[in-house]
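Open the model in your viewer and keep the sequence panel in view. The tour moves from one selection to the next and says what is there.

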Amino acid sequence: METKITIKDKSYRIEISEIEANLIKVVLDGQEYLFSQNEFQELFLVDPKTKTSQADKELQVLSADLAAKEIRSPIAGVISNVSVQKGDQVKPGQKVLTLIAMKMENEIIAETSGTVKEIRVKENQFINSGDLLILLK
Amino acid sequence: MIEKFEKINSTSQKAKELALSGAEPWTVVTAQEQTAGYGKDESVWFSPKGGLYFSIILPKSQIEDLQTLTILAAFVISKILKDEFNLEPLIKLPNDVLINQKKVAGILTENIIGKELKASIIGIGLNTNAESFPKDLENITTSLKMELGKEVDNEKIMDQIIKGLKDQLKTISQ
């Protein structure tokens, strides 16, 4: 999509295209900017230097598979309930714990199947965003 | 889209299932009676016939906006109770609305989160036409009918709350 906007009598040519899933290229008067969207649908600027080759991407998928065995908290809050026990089998979409954060109840679900190897948190414990909650194997 | 049930375990539970199977935002689940209505910390929300119980699938939003919306829901409900029925509601943040120090409405927002936000549901319980409550609740709970001495129109109130929430979300997510 190409468009032109005028701000304070100066006009700019803007071209917007989705170059791959979740990567938007914006060309502003010849200058390129890349944007991606985070889990809360906020756009953020991507540094082109960190944009990786296909081979790197495959590696990333492999490490993402490993990371998928870790269930981390996307937000800070207090654990109100742990719904699984060590040794339990979990399925994708299954609730593993409840976190009270920002006046809301947040069900944290597993994204992959696996066996609960380790539970790193207890009820009533405060956790920070990014903390490891549960490890699957 | 409004899914109506005569009796259900919990409108929020049903709304969560629908949201995860791809139902559209602003789909509403309502029931005349809930057999397992709940509030925060899995507390029981007594849900006999006559009350207004409904849950809404919210559009995917920033988590901060959902928090604000929860608080604004209490405001929306209070405003309707004041404007339509001339009552003097008090908001007990973030989840409850009181009349004469007794609970008349409860709100619970629940998010389902994997690596990203999968679904958000706001559940609202409003004691509208209940005529009495069990002994353990009678000193802490009231209904609009008990306060006003007349029945109210559940459907009309639900429509007003949904409209209020849509308007508020528009304002905060801009």
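Strands here are DSSP runs of E at least two residues long, and helices are runs of H or I of at least four, both numbered from the N terminus. The model is predicted.

**Chain A, whole chain**

Select chain A and colour it by secondary structure. One helix and 13 strands should appear. Followed along the sequence, they come in the pattern β-β-β-β-β-α-β-β-β-β-β-β-β-β. Of the 137 residues in this chain, 17% count as buried. Of the chain A contacts between residues at least 6 apart in sequence, 41% join residues at least 24 apart.

Now colour chain A by domain. The assignment gives domain 1 as 1-47 and domain 2 as 68-136. Between the C-alpha centres of domain 1 and domain 2 of chain A there are 36 Å.

**Chain A, strands S1 to S3**

Select residues 2-7 and 10-20 of chain A, which are strands S1 and S2. S1(A) and S2(A) are antiparallel and share six bridges. To see one of these bridges, show A:Glu2, whose partner in S2(A) is A:Glu15. The two strands make a hairpin with two residues between them, and A:Lys8 in the turn has a positive phi of about 45°.

Stay in that loop and select A:Asp9, which lies between S1 and S2 of chain A. Its phi is also positive, near 70°, although A:Asp9 is not a glycine. Most residues other than glycine have a negative phi. Is A:Asp9 buried or exposed? A:Asp9 counts as exposed, because it has 5 C-beta neighbours inside 10 Å.

Add strand S3 of chain A, residues 23-28. S2(A) and S3(A) pair in the antiparallel sense, again over six bridges. A:Glu15 has a bridge partner in S3(A) as well, namely A:Val27. In the hairpin of S2(A) and S3(A), two residues separate the strands, and A:Asn22 has a positive phi near 60°. How many of the 11 residues of S2(A) are buried? The count is zero, and S2(A) is hardly covered.

**Chain A, the four-stranded sheet**

Next, show strands S6, S13, S11 and S8 of chain A. They form an open sheet in the order S6-S13-S11-S8, with antiparallel pairing. Its edge strands are S6 (70-72) and S8 (89-90) of chain A, each of which pairs on one side only. Two bridges join S8(A) to S11 (residues 114-119) of chain A, in the antiparallel sense. Select A:Val90 to find A:Gly114 of S11(A) opposite.

Go on past S11 to A:Asn124, in the loop that leads to strand S12 (126-127) of chain A. This residue, which is not a glycine, has a positive phi near 70°. A:Asn124 is exposed, because 10 other C-beta atoms lie within 10 Å.

**Chain B, helix H1**

Switch to chain B and select residues 11-20, helix H1. Its buried residues are B:Thr11, B:Ser12, B:Lys14, B:Ala15, B:Lys16 and B:Ala19. What covers the buried residues of H1(B) includes strands S1 (2-8), S2, S3, S6 (102-113) and S7 (117-126) of chain B. Just after the helix, B:Gly22 has a positive phi of about 95°.

**Chain B, the loop at B:Thr35**

Select B:Thr35, in the loop between strands S2 (28-34) and S3 (52-58) of chain B. It is exposed, because 10 other C-beta atoms lie within 10 Å. Leaving aside residues up to four places away in sequence, B:Thr35 touches B:Lys7 and B:Asn9. For a distance check, pick B:Thr68: the two are 33 residues apart in sequence and 29 Å apart in space, C-alpha to C-alpha.

**Chain B, helix H4**

The last stop is helix H4 of chain B, residues 154-172. Its 19 residues reach 27 Å from first C-alpha to last, close to the 27 Å expected at 1.5 Å a residue. Show the side chains of B:Ile157, B:Met158, B:Ile161, B:Leu165 and B:Leu169, the buried residues of H4(B). They lie on the same side of H4(B), because they cover an arc of only 100° around the axis. An α-helix has 3.6 residues a turn, so residues three or four places apart point the same way. The buried residues of H4(B) pack against S2, S3, helix H2 (63-85) and S7 of chain B. Turn the view to the face away from the buried side of H4(B), where the exposed residues are B:Glu155, B:Lys156, B:Lys163, B:Asp167, B:Lys170 and B:Thr171.

Conventions
Residues numbered from 1 in each chain as written. Chains lettered and ligands numbered in written order. Predicted model: local features only at pLDDT ≥ 70, side-chain atom pairs only at ≥ 80, totals over all residues. Buried ≥ 20, exposed ≤ 12 C-beta atoms within 10 Å, placed from the backbone. Contact = placed C-beta atoms within 7 Å. Pairing = 2+ DSSP bridges. Expected span 1.5 Å × (residues − 1). Arc of directions from axis to C-beta. Domains from an automatic or database assignment.
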